[in-house]
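Work through the exercises below with the sequence and the structure at hand. Try each task before reading its solution.

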Amino acid sequence: MVLGALGACSSEPEGPPPAEAADVVAGGFGLGTDVRQCLLGRFEDDPSSSVALSIGGAASLDDRRALQDVLEGCITPEALAEVIAAGAGAGVPGTDGERQACLEREVLALDQERRSLLLVGLALSGDGTPDQLDVDLGAVTSELFAACDVAFDTDPGDTDPGDTDPSDTTTAPGSTSAP
């Protein structure tokens, strides 16, 4: 009896309610209502699959795998490729249609493990807890961007659209910005 009472007091992490989890993921990826409905159904079927959304970097491998199963069940590789390309087009200056098409091709060419890393990493990114997932996600996105000559340089004075080295703080010729 004592063990049963102790078990009842343990507090396992809980994820957001299924509707909130579906909204967070669909909204974060900019996906439509059909994908949101799929996510909602999967989160309802397994409420524990949303735990990683609540605890981010502190999520266990099992929590991340549960989230991965939901994401892979609802977000096709083609949809992920479109999300990556559209995000780069909207958020990275100089990312034209040719570079967006390249990103789509490169995402589709990724093996399953790296595509899964993109899905889970992007769903959990921005939680303020850098961990190995963030490092791995950064490596994959850096490779994708480099393969397509997409710049993600944060130095506003560096106007070289082919500069894919995030550590490059040089300025473009003629720029008045200091490094």
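The exercises cover helices, disulfides, salt bridges and surface charge.

This is a predicted model, in which local features need pLDDT of at least 70 and side-chain atom pairs count only at pLDDT 80 or more, while totals for chains, interfaces and linings use all residues. Residues are numbered from 1 along each chain as its sequence is written, and side-chain values use heavy atoms, with hydrogens and water left out.

**Exercise 1. Describe the chain by its helices, its strands and its share of buried residues.**

Step 1. Helices (H or I, at least four residues) and strands (E, at least two) are DSSP runs, numbered from the N terminus. The chain has nine helices and zero strands.

Step 2. Buried means under 20% relative accessible area, exposed means over 50%, and partly exposed lies in between (1.4 Å probe, protein chains only). The chain has 179 residues, and 36% of them count as buried.

**Exercise 2. Find the disulfides and state which parts of the chain each one links.**

Step 1. A disulfide is a covalent bond between the sulfur atoms of two cysteines. Here the rule is a pair of cysteine sulfur atoms within 2.5 Å, and it gives two disulfides.

Step 2. C38 is joined to C74, with an S to S distance of 2.1 Å. This pair links distant parts of the chain, since C38 is in helix α3 and C74 in helix α5 (residues 61–74), 36 residues apart. C38 is partly exposed at 27% relative accessibility, whereas C74 is buried at 10%.

Step 3. C102 is joined to C148, again with an S to S distance of 2.1 Å. C102 belongs to helix α7 (residues 97–109) and C148 to the segment after α9 (132–147), so distant parts of the chain, 46 residues apart, are linked. C102 is buried at 11% relative accessible area, and C148 is buried at 4%.

Step 4. For C38 and C74 the torsion about the S-S bond is about -80°, so that disulfide is left-handed. For C102 and C148 the torsion is also about -80°, so that disulfide is left-handed.

Step 5. With the bonded cysteines numbered in sequence order, the pairing reads 1-2, 3-4.

**Exercise 3. Which residues are linked with R99 in a network of salt bridges?**

Step 1. A salt bridge is a side-chain nitrogen of Lys or Arg within 4 Å of a carboxyl oxygen of Asp or Glu. The structure holds four salt bridges.

Step 2. One of them joins the side chains of R99 and D96, at 3.9 Å from N to O. R99 is buried at 16% relative accessibility, while D96 is partly exposed at 36%.

Step 3. R99 also forms a salt bridge with D149, with the closest N and O atoms 3.2 Å apart. R99 lies in helix α7 and D149 in the segment after α9, so this pair ties together parts that are 50 residues apart in sequence.

Step 4. The network therefore consists of D96, R99 and D149.

**Exercise 4. Locate the salt bridge between R114 and E143.**

Step 1. The closest N and O atoms of R114 and E143 are 2.1 Å apart.

Step 2. R114 is in helix α8 (residues 112–124) and E143 in helix α9, so the pair links distant parts of the chain, 29 residues apart.

Step 3. R114 is partly exposed at 26% relative accessible area, and E143 is partly exposed at 45%.
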